[in-house]
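Reader: Could you take me through this chain slowly and, wherever you use a technical word, tell me what justifies it?

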Amino acid sequence: MAAETESLLIKPISVRQFELYALSLDRGPNFDPASICAAYQVGRGGACGGILLDQETGTFSTVALRRRVDHCWTGVAKSGPFPAPEQALDALSIGMRGGDPPEPLAPGVRRRPLLIEVGPRGSSPEFDLLIKSMSHLPALMAVGECYLALPRPDRNFIPDLQTNNFASRLFELYLLACFREQGLQVRQDHVSPDFQIEKDGMTCWVEAVTANSETPRAGGIGDWVHAPTDRTERLTGAPAERFAKTLRGKLQREYHDLSHVQGHPFAIAIADFHSSGSMVWSREALPTYLYGVRADVEDDGTKRRAVGTAIFNLTGKNAIPAGLFRDPDFAHLSAVLFSNAGTLAKFNRMGFLAGWRPPGLSMIRRGILFDRTPGALEPIDFELEVGSQEYDALWPWGEAWCQELEVFHNPLASHPIPFDLIPGATHWFERGGEVECSTIWANSVISSVTQLRAPKGYYPAAEA
């Protein structure tokens, strides 16, 4: 009787937790013109729901989600409008159907394997850290919900995530969260490219890839590799060559010639995992390679200013031509998406902010912010506790998935990507011969590390 009563008990959950669950909806946790004002779950979490407020009309509505037999969320009921939140909660309580068995799979839907059930290929140290360390319980919950939100993961997704392709599969989950958070419809109806994203008639195909080391396991857990001290090497040397080889390898597959991609924008999303901690410092090599322009500082004795210096070859051992976006043969590449946040640290923070907070665990994030002061050449240092008022105040809605996502637009693109398709990203584009930036965020994190502070036995660590 007690268990039956618990299965019907409705309790409030944080809006951020519900938003994580709602990543499974076609357009994620976006209900314009309404916004989520309260969220609830039934029993141990077999059903959840949100109460929405339309500020213009002052009315309330509801959306209910239930777990399927494979634990995935599916939307089951909407109701409203209601004049008061109490009426909305009554309707939501009915819509969540507490006590009912899980929802069945739709015909033709394959039951996906469990995330934490390790297969015959074994597991990597990164995956073990995710599932066995209490300090990473928030990340485990966030990774799990993003995995369940994938429209159609391929059969190798879980074996890859559990073993040597952990970073690349984690990056795919990060991209899904970024897209759904911004209200994009995400499809995986074809084997490749990885994602089709669509909104208001705008569409784009996205293939995800990670830049990895030629040395096996070099990008996994281990001693951090710091940035080259020589600035030329950092901008145009091995880091830039690694990006170039990875992108050119993907371009050789000619995704743009696939019948379902032809006539649409196509982008490659890339992240750097070539060594432990490399994503903290390698980012500036990417636009240097793409646009064939090195960012330099000119000092005339009275003031310092940023200038762009054209380069024609990278300085690595292969002397790869610089300026991928200067080559008309690659006009079919609409843009390159980049983020240094497709990491366990990001998932750990997002799970922590959603409410999964093991007793005694805290997180300190320190890094550098882009200084938007005209003429500023140096970033702004920050160090804040994740979840504090000061940390949440950096952004209008707190930390979001897409804040570290950047879109580098190809000025020669045959099919440009509309900025409005991915509004939460930082966009880089060429205008008047200069590469400019557009973003909705007043505070953009260039790079950061997250320090975990926890009682003994939680395996605290610093993460990118």
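**Words and their cut-offs**

Author: Let us begin with Leu53, which has its place in strand S3, made of residues 47-54; strands (E, at least two residues) and helices (H or I, at least four) are DSSP runs, numbered from the N terminus. The model is predicted, so that local features need pLDDT of at least 70 and side-chain atom pairs count only at pLDDT 80 or more, while totals for chains, interfaces and linings use all residues. Residues are numbered from 1 along each chain as its sequence is written, and side-chain values use heavy atoms, with hydrogens and water left out.

Reader: Why does Leu53 count as buried?

Author: Its relative accessibility is 18%, and buried means under 20% relative accessible area, with exposed over 50% and partly exposed in between (1.4 Å probe, protein chains only); 18% is under that limit, and therefore Leu53 is called buried. Outside the four places on either side of it in sequence, Leu53 is in contact (heavy atoms within 4.5 Å) with Pro33, Ala34, Ser35, Cys37, Gly58, Thr59 and Phe60.

Reader: What makes Ser334 buried?

Author: Ser334 has a relative accessible area of 1%, which is under the limit for buried residues, so the word applies here too. This serine lies in the loop between strand S11 (304-310) and strand S12 (335-338), and, leaving aside neighbours within four places, it touches Pro265, Phe266, His409, Asn410, Ala413, His415 and Ile417.

Reader: Is Asp200 buried or exposed, and how do you know?

Author: Asp200 has 69% relative accessibility, which is over the limit for exposed residues, and it is therefore called exposed. Asp200 is found in the loop between S7 and strand S8 (202-211), and its phi is near 50°, a positive value in a residue other than glycine.

Reader: Which word fits the accessible area of Arg97?

Author: With a relative accessible area of 31%, Arg97 falls between the two limits, so it is partly exposed. Arg97 sits in the loop between helix H3 (85-96) and helix H4 (125-132), and it has a positive phi of about 55° although it is not a glycine.

Reader: Why are such phi values, and cis peptide bonds, worth pointing out?

Author: Because most residues other than glycine have a negative phi, and most peptide bonds are trans. In this model a cis peptide bond joins Asp32 and Pro33, with omega about 5°, and Pro33 is found in the loop between helix H2 (15-21) and strand S2 (34-42). The bond from Ser192 to Pro193 is cis as well, with omega near -10°.

Reader: Why are H5 and H7 called roughly perpendicular?

Author: The axes of helix H5 (residues 137-149) and H7 come within 9 Å and cross at roughly 75°, where axes are lines fitted to C-alpha atoms, for helices over the stretch in contact, and angles run from 0 to 180 degrees between N-to-C directions. Angles under 35 degrees count as roughly parallel, over 145 as roughly antiparallel, 65 to 115 as roughly perpendicular and the rest as oblique; 75° falls in the range from 65 to 115, and H5 and H7 are therefore roughly perpendicular. At this crossing Val143, Cys146, Tyr147 and Ala149 in H5 meet Leu170, Leu173, Leu176, Ala177 and Arg180 in H7.

Reader: What makes H5 roughly perpendicular to H11?

Author: H5 and helix H11 (residues 344-353) pack with their axes 7 Å apart, at an angle of about 95°, and this angle also belongs to the range from 65 to 115, so H5 is roughly perpendicular to H11. Among the residues that meet here are Ala139 and Ala142 in H5 and Phe347 and Phe352 in H11.

Reader: What is the largest nonpolar core?

Author: A nonpolar core is a set of buried Ala, Val, Leu, Ile, Met, Phe, Trp, Tyr and Cys residues joined through side-chain atoms within 4.5 Å, and the largest one here has 86 residues, with Phe18, Ile197, Phe347 and Trp401 making the most contacts inside it. Helix H7 (residues 166-181) gives the most to this core, with eleven residues.

Reader: How do you know that the protein chain is as compact as a globular protein of its length?

Author: The chain holds twelve helices and 19 strands. Its radius of gyration (taken over C-alpha atoms) is 23 Å, close to the 23 Å given for 464 residues by the globule rule (2.2 Å times the number of residues to the power 0.38), and so the chain is as compact as a globular protein of that length.
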